[in-house]
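Here are a few exercises to work through with the model open beside you. Try each task before reading its solution.

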Protein chains: 6
Amino acid sequence: MARPDGRAPNELRPVTISRNWLRHAEGSALVEFGDTRVLCAASVEDGVPRWRRGTGEGWVTAEYAMLPRATDTRGARESVKGKIGGRTHEISRLVGRSLRAVVDFKAMGEHTITLDCDVLQADGGTRTAAITGAYVALVDAVKYLRRQRNLKKNPLAGSVSAVSVGVVQGQPRLDLNYLEDSVADTDMNVVVTGEGRFIEVQGTAERTPFDRGTLDSLLDLAVGGCTQLSELQKKALAG
Amino acid sequence: MARPDGRAPNELRPVTISRNWLRHAEGSALVEFGDTRVLCAASVEDGVPRWRRGTGEGWVTAEYAMLPRATDTRGARESVKGKIGGRTHEISRLVGRSLRAVVDFKAMGEHTITLDCDVLQADGGTRTAAITGAYVALVDAVKYLRRQRNLKKNPLAGSVSAVSVGVVQGQPRLDLNYLEDSVADTDMNVVVTGEGRFIEVQGTAERTPFDRGTLDSLLDLAVGGCTQLSELQKKALAG
Amino acid sequence: MARPDGRAPNELRPVTISRNWLRHAEGSALVEFGDTRVLCAASVEDGVPRWRRGTGEGWVTAEYAMLPRATDTRGARESVKGKIGGRTHEISRLVGRSLRAVVDFKAMGEHTITLDCDVLQADGGTRTAAITGAYVALVDAVKYLRRQRNLKKNPLAGSVSAVSVGVVQGQPRLDLNYLEDSVADTDMNVVVTGEGRFIEVQGTAERTPFDRGTLDSLLDLAVGGCTQLSELQKKALAG
Amino acid sequence: MARPDGRAPNELRPVTISRNWLRHAEGSALVEFGDTRVLCAASVEDGVPRWRRGTGEGWVTAEYAMLPRATDTRGARESVKGKIGGRTHEISRLVGRSLRAVVDFKAMGEHTITLDCDVLQADGGTRTAAITGAYVALVDAVKYLRRQRNLKKNPLAGSVSAVSVGVVQGQPRLDLNYLEDSVADTDMNVVVTGEGRFIEVQGTAERTPFDRGTLDSLLDLAVGGCTQLSELQKKALAG
Amino acid sequence: MARPDGRAPNELRPVTISRNWLRHAEGSALVEFGDTRVLCAASVEDGVPRWRRGTGEGWVTAEYAMLPRATDTRGARESVKGKIGGRTHEISRLVGRSLRAVVDFKAMGEHTITLDCDVLQADGGTRTAAITGAYVALVDAVKYLRRQRNLKKNPLAGSVSAVSVGVVQGQPRLDLNYLEDSVADTDMNVVVTGEGRFIEVQGTAERTPFDRGTLDSLLDLAVGGCTQLSELQKKALAG
Amino acid sequence: MARPDGRAPNELRPVTISRNWLRHAEGSALVEFGDTRVLCAASVEDGVPRWRRGTGEGWVTAEYAMLPRATDTRGARESVKGKIGGRTHEISRLVGRSLRAVVDFKAMGEHTITLDCDVLQADGGTRTAAITGAYVALVDAVKYLRRQRNLKKNPLAGSVSAVSVGVVQGQPRLDLNYLEDSVADTDMNVVVTGEGRFIEVQGTAERTPFDRGTLDSLLDLAVGGCTQLSELQKKALAG
């Protein structure tokens, strides 16, 4: 019942956060969870979407996407297909919602920050890696915005990280890679603040419906993993 | 801190399931949770999607949509906009996944059942009402399929119902209507089998991140609500 | 040469108009012509399309659509296909044009009323049922608008109803159901005012080109049917 | 009450049919009704649409479109907008239906003829000009098909022409140009066989609902116009 | 090694430019290079695209398209497919860029001229015929604009023509028709001003990569051809 | 007249080719020309497009795209806009055509290699960097294919590199960065084989039409640059 890469059940893959990987973006990070590699770019723009104009409040949104050959077999480009698939939409919404949970929109003023999370290489856990990396890019974009617009109050009210957990061969495990993910019975993505509170809990029975005990074990694992990720984010941002 | 319609915190809205509301569909139900009204139709077709051909297994999928004037202000038709929004995609995927959790695809043979869930009127909880009603339509469609194709084994391995729960003014509540939903701090959709196991748990901090205690209270409420819904489904199917 | 449901050649199917079937819409009706069931909702919005701005005149438009399982075999959703079919476009245009014929746009002021006609179940004559039901929804929406905006003059200059007629087995018949429609030689949709004048006459030779005598008989039948429908509309609106 | 171009009420505009205007098409005609100029091309292809395969019967379909600068002000290209408008769809369907009314599909065998009707310049009556010209292109395409496939029976069972009529300043008139069309009270498009029977009658009250007497006068005018057009088609085809 | 139509290697096909072929457009030309037939229409509109507003400068753009039966076998309409193909996009951009090279945008003021180039019949060299004809339409549209807006300075700073050249059976040839184009080793489109300077040079090795000597021979041929085309444009514009 | 980064007119930017940057792709390279950074992935698939089936020949195609924040200001995603822009189409076609010029399709057998070139960061010359990097990815993919399918003959008949050249402030320069590109008078992209023959020459007068002498100088610079790039490709492939 050993994990394919020999990790302990509660062990993360090697995580790397390369801050400011891009030259043009106001904030950016290339985040790696093992072989999963996501490029996160934060763009600051004046103004907000039409439905929010005149409120004096800002907006944060996200777009997640995957390069065609991020995966084992090449996937068709959504730009070529002419429409965005359900999975892409769903993850983009999750990333945006997760980051908005720690933003003080009043303090931002009417500006928009867009987080582009492009998966360059996929090996499981791309959406949680995206959230974890996007937070780092967001911090730098918010700093840029404060400096540029002379904002008094910090628009960031906390930090965010995320990790996937799941049950494989009856064993709850942290940070599944693709191999584990594809045979998991239950799969859960958990988004947690730096203070250990939940922003999002999404658990799905991939095969067999799960009970309360399993749910509890998975939540414990996830909170533990996010505590470590939160430390790594701090280190990257201190650099 | 009374609820707008005077319900107890753990009380469902009046729930009605009108089975066989449609003449052409192999299974159908008009399901009402208070003023939320969803028309669920199950269609049986021979064959399965391309990627599943030759496996001998069936498929169950769902499409959720909302009529333009289901809501307080008219929404643009997705057919006119030429693309399906992220919310629609996400809910369609949730409904399909939830029902697939109780289907034995081998027993189905290579047939597809599509569940169309069209919201005629919306007052909160449309996705969970859709799942609850779609299960009833699915049961009749599966019966039709068994009869037509002389299937030996029952392709249905259990029952499914779903309900929304949330924290409003600090109080965990069952089955939020739109008014409550729009001011909730935390919002959770829970899909449960007839035996009380979880198929899907989706909790989101709409305003303030939530703690483990809140999560536990909401899950308790949801399981209680689904037990009642499961009984109502049985009655409708016995009719 | 008896009709499949035993009706006389000049006899309508049982027609039911359930007014105010929806809670949110400013006007609504669930209209049934036998098993054909169309949900009509009228939405009042401030402002008019760009090309009409500044004219001081209002606008009335319609969108017709069919639920996937309204028909005997499931049809693909137009929102999923990403485009609206020719038939849908054509009927939406017909419904809008028919209702506009009795509207005084100057009296409306710069407001728009949109009529959504969604076919929940189809058994022939859906477009004419839609027009007949939409008129009822329109009346309530116009009343709402007059009250809200304190309009002096009534924006409604007359009433509208519609029916299909056709030649089946050489016999001109009123209000064809799907079975009759699919074998008709000539098919005609006629839209008539409450005073018996024509708004629209659309006759098509489905098989054999038709002569003037046939055209005359069909028009007689249609005017007779619309007279009855006009009475049913009045009763529904008096309720 | 004279017409803008001095014509009698029952007088057609100068009509020209330039047969075989294109080199590649199996049949073609550049048809002109005054300044209205439509290029009609008939293409013969083996096979039929999927839903018709295996029936042994052929198919005839049409696509109508307008060049951006066919009209007084430039219109956006439908290819650039990414979707076909309702009017285009509706007219394409009308043209196809009109021509199919004189085709014997059994005699055609499983071949498809597509009629492309592209409006190079518009001055009213483009859809009826398109039908009139497309018939000429169809005749040549059918001849080509008979020769190529050695068909015994003629797949053409008759001829088709079409004209618009309308009431302008109270006067019923034949073949309206754009100026007249834009101020007409009633507008009617009529498709007639060479034997004077009706294939399609589409009358619309643009302003005031019309009575039976008006309808009758318009039909008389249209049948007279189509008789002349039928002669012009014969001449073009004899050339 | 004679050419299929007997021309000398440096000989153009018969070229005809029918100016003002359209009634509504501010400038137009039906241009023919042998059997290649392109209808060019220039439309003058007030205002410029959003990104250019407030600059005081005008804009010139082009849209190229092909009728479905311009070619030997019918092509699907891009409006029906719902998207514009790469080839269409590329040629539209080339035509626009070529004409902009001789336009003084300051002298134009904030107006836009759109050049629609629709290929009615294709026999090779459609893009270069389009540029050559569009220039003629542009001249008339610019004259119209100067007159209407009383522009002091001529917005046209030169003339433009274009031709294709290629290597067929080892021989450099001018103005390839479709037959030659389809077997050419190297294919080059060259856009030249009336003064013989280059606006665009696009050479492609269709089979074997080519050397500098071949490139030089092709450029010589192209400049010679454009000198003749420039004369033909002058004659058409003098008419 | 010094260049912004102090380079000599005939000097390339620092060029880096990181081979096998991706784990899943059969061939890949992250190519950098100064700050321009393009990720090239080659995917091998069995089978060829429909129009090529049964010929026994392979196919090579390319898709070029840019991440939203590759540029100084964020661009909208083409997947979100629902269509691919003209520039993207044009460059994808250029990349594919350039690589196909050195491929022996018969030797490949019926397999397809797709080259995905995604610009992670843009600073001028992205299309020529894409071609240069894609060749390296192609070589590895072809090796993989030969090994897997035991192909006797090498499907690669040569090598390809590309570079941009242009005239800035009257001076012909090699490998323009974005700053130079945006003020260039003439801009040319040149694709050259390892043996110094031309595959593609695309020169455009961005401001002033250019003469033969300028064209000649630019071609000399480009051939010189490609000679150096060809050496760098060899080194990367030897690694």
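**Exercise 1. The turn after S6(E)**

Task: In this predicted model, find how many residues lie between S6(E) and S7(E) in their hairpin, and look at the phi of E:Gln169.

Solution:
- Step 1. Follow S6(E) into S7(E): the two strands make a hairpin, and 2 residues separate them.
- Step 2. Now check the backbone in the turn, where E:Gln169 has a positive phi of about 50 degrees.
- Step 3. Move to the pairing itself: S6(E) and S7(E), the latter spanning residues 171–174, run antiparallel and share 4 bridges.
- Step 4. For a landmark, pick E:Val167, which stands opposite E:Pro172 in S7(E).

**Exercise 2. The other neighbour and the two faces**

Task: Work out in which sense S6(E) pairs with S8(E), and whether the residues on each face of S6(E) are buried or exposed.

Solution:
- Step 1. S8(E) covers residues 186–193, and its pairing with S6(E) is antiparallel, over 8 bridges.
- Step 2. To place this pairing in the model, find E:Ser161 opposite E:Val192.
- Step 3. Sort the side chains by direction, since in a regular strand they alternate between the two faces of the sheet.
- Step 4. One way point E:Val160, E:Ala162, E:Ser164, E:Gly166 and E:Val168; the other way point E:Ser161, E:Val163, E:Val165 and E:Val167.
- Step 5. Apply the cut-off for buried, under 20% relative accessible area: the residues pointing either way are all buried. That agrees with the tally for S6(E), residues 160–168, of 9 buried out of 9.

**Exercise 3. Where chain E meets chain D**

Task: Describe the interface of chain E and chain D by its area, its charged pairs and the elements that supply it.

Solution:
- Step 1. Start with area: the two chains bury about 3,100 Å² between them, with 48% of it on carbon and sulfur atoms. On the chain E side, the residues losing the most area to chain D are E:His24, E:Arg69 and E:Arg74, together 24% of what that side buries.
- Step 2. Count residues: chain E brings 37 to the contact and chain D brings 37.
- Step 3. Look for charged pairs. The rule finds 16 salt bridges across the interface; one of them joins E:Glu63 to D:Arg77, with the closest N and O atoms 2.8 Å apart. There are also 26 residue pairs in polar contact.
- Step 4. Assign the elements: S3 (36–46), S4 (59–66), H1 (78–81) and S5 (111–121) of chain E each supply at least two residues. S3(E) gives the most, with 7 residues.
- Step 5. Finish with the classes: this side of chain E has 16 nonpolar, 7 polar and 14 charged residues.

Methods: Residues are numbered from 1 along each chain as its sequence is written. Chains are lettered from A and ligands numbered from 1 in the order in which they are written. This is a predicted model: local features need pLDDT of at least 70, side-chain atom pairs count only at pLDDT 80 or more; totals for chains, interfaces and linings use all residues. Side-chain values use heavy atoms; hydrogens and water are left out. Buried means under 20% relative accessible area, exposed over 50%, partly exposed in between (1.4 Å probe, protein chains only). Two strands pair if DSSP finds at least two bridges between them. Buried area is the accessible area (1.4 Å probe) that two parts lose on being put together, summed over both. A salt bridge is a side-chain nitrogen of Lys or Arg within 4 Å of a carboxyl oxygen of Asp or Glu. A polar contact is a pair of N or O atoms within 3.5 Å; within protein, one must be able to donate a hydrogen and the other to accept it, and residues adjacent in sequence count only if both atoms are side-chain atoms. Ala, Val, Leu, Ile, Met, Phe, Trp, Tyr, Cys and Pro count as nonpolar, Asp, Glu, Lys and Arg as charged, and the others, Gly among them, as polar.
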